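Please open the model in your viewer and keep the selection tool at hand. The tour below goes from one stop to the next, saying what to select and what is there.

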Amino acid sequence: MVERMSKEPFRPILPRPITRIDVERYGLDKPGCRFVRQGEGDPIFIGNAEEGFMRIEGDLKRYAAKLESAQLPGNARSTYVGLSTWVDLVSLPDRAGGSDTTHWPARLILHDAQERVAFRADGEMHCRGEAALPGEATPAG
């Protein structure tokens, strides 16, 4: 009973898309990966070799890359840890056969502080090294 009373009540977490304005303002255009939910254009998670970002309740939350997790293209990681939540990125089977090493179906799972699933979405991972992601301008050079 004490254990049950010490747990915070479950509250779902609903991330909002990270816009191009956010990407430009906060310098999020580094090599790494973006998770885009099915049916949407803007990513809800952006991760690179050191950190990841997700917009929750209007705030851009920062996550540290878990170095022990699987490495994705662009040196991104499959797990990112925040102050009270963490993100897992899981590859899904490709039924359409159109994926490659930089683009594939995936699931994003957001866990709360009590290790409960607070949000889950299916979508696509878009990863890149030094070249731009689809729809992005490439650096002049």
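Is Cys-127 buried or exposed? Select Cys-127 to begin: this residue is buried, with a relative accessible area of 4%, where buried means under 20% relative accessible area, exposed over 50% and partly exposed in between, for a 1.4 Å probe and protein chains only. Before going on, note that this is a predicted model, in which local features need pLDDT of at least 70 and side-chain atom pairs count only at pLDDT 80 or more, while totals for chains, interfaces and linings use all residues. Residues are numbered from 1 along each chain as its sequence is written, and side-chain values use heavy atoms, with hydrogens and water left out.

Now add Cys-33 to the selection. Cys-33 and Cys-127 form a disulfide, with their sulfur atoms 1.9 Å apart, a disulfide being a pair of cysteine sulfur atoms within 2.5 Å. Cys-33 lies in strand β2 (residues 32-37) and Cys-127 in strand β9 (residues 117-128), so the pair ties together parts that are 94 residues apart in sequence; strands here are DSSP runs (E, at least two residues), numbered from the N terminus. The link is right-handed, with 110° about the S-S bond, and Cys-33 is buried too, with a relative accessible area of 3%.

Next, select Phe-45 and Tyr-63, which form an edge-to-face aromatic pair, 6.3 Å centre to centre and with 65° between the planes. Rings of Phe, Tyr and Trp (its six-membered ring) pair if their centres lie within 6.5 Å, and planes under 30 degrees apart count as stacked, over 60 as edge-to-face and the rest as tilted. Both Phe-45 and Tyr-63 are buried. Adding Tyr-80 completes the view, since ring pairs link Phe-45, Tyr-63 and Tyr-80 into a cluster.

For the last stop, select Leu-28, Lys-30, Gly-32, Arg-34 and Ile-46, which lie nearest the centre of the largest cavity among its twelve lining residues. On a 1 Å grid over the protein atoms alone, a cavity is a set of points where a 1.4 Å probe fits but cannot get out, and lining residues have an atom within 4 Å of a point. About 40 Å³ of space lies in this cavity, a volume being the space filled by probe spheres set on the points, which are joined across faces, edges and corners. Strand β2, the strand of Cys-33, gives the most to the lining of the largest cavity, with three residues.

Key. Helices (H or I, at least four residues) and strands (E, at least two) are DSSP runs, numbered from the N terminus. On a 1 Å grid over the protein atoms alone, a cavity is a set of points where a 1.4 Å probe fits but cannot get out, and a pocket is an open set with protein on both sides within 12 Å along at least five of seven lines; lining residues have an atom within 4 Å of a point.
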